[in-house]
Amino acid sequence: MRHLLNHLLFMGAILAPLPGAGIASAQPYTTHFLSVSNARQAEISQQKAVAIAQKHVNGRVLSVSRSASSYRVKILNRKGNIQVVTVNASDGVILSTR
């Protein structure tokens with residue numbers, strides 16, 4: 001019983017400062033949904049994707065295109081070959097180079 005009481009007090013201390021965390025409020029689900037949506041929007045910019053691709057393949061950027069989950073950066077390298085670097089839009093990891 002004492003363990004349960006301590007657990008409830010601990011949970012109350014965590015939830016108390018959150019807006020809309022009251023029992024009568026309809027906000028908790030909306031607040032959680034918004035925080036999850038904002039986390040998904042935290043993606044790298046096109047400029048950052050280009051910088052990452054240029055660190056991987058040194059050369060002049062010819063074009064950049066965006067799909068749902070990645071950037072495709074076309075680069076003319078120093079030897080005169082065109083290389084395509086695919087960069088993950090959410091974390092900047094290079095997915096492929098061809």
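Let's start in the middle of a strand: R72 stands opposite T86 in β3. Keep in mind that this is a predicted model. R72 itself has its place in strand β2, and that strand covers residues 70-77.

So what does β2 pair with? On one side of the story is strand β3, residues 82-88, which runs antiparallel to β2 and is joined to it by 7 bridges. The two form a hairpin with 4 residues between them, and in that turn G80 has a positive phi of about 90°. The other partner is strand β1, residues 59-66, which is also antiparallel to β2 and linked to it by 7 bridges. Here a hairpin of 3 residues makes the connection from β1 to β2. If you want a spot to look at in this pairing, try S63, which stands opposite K74 in β2.

Back to R72 for a moment. Leaving out residues up to four places away in sequence, R72 touches S63, V64, S65, V84, V85 and R98. Its relative accessibility is 36%, so R72 counts as partly exposed. You can also check its C-alpha atom against that of A49: they lie 8.6 Å apart, with the two positions 23 residues apart along the chain.

Now slide along to N77, also found in strand β2. Is N77 buried or exposed? With 14% relative accessibility, N77 counts as buried, because the cut-off for that is under 20%. Its side chain reaches the backbone nitrogen of K79 at 3.0 Å. Setting aside residues up to four places away in sequence, N77 touches V57, N58, G59 and Q83.

Terms used:
Residues numbered from 1 in each chain as written. Predicted model: local features only at pLDDT ≥ 70, side-chain atom pairs only at ≥ 80, totals over all residues. Heavy atoms only, no water. Buried < 20%, exposed > 50% of the residue type's maximum accessible area, 1.4 Å probe, protein only. Polar contact = N/O pair within 3.5 Å; in protein donor to acceptor, adjacent residues only side chain to side chain. Contact = heavy atoms within 4.5 Å. Pairing = 2+ DSSP bridges.
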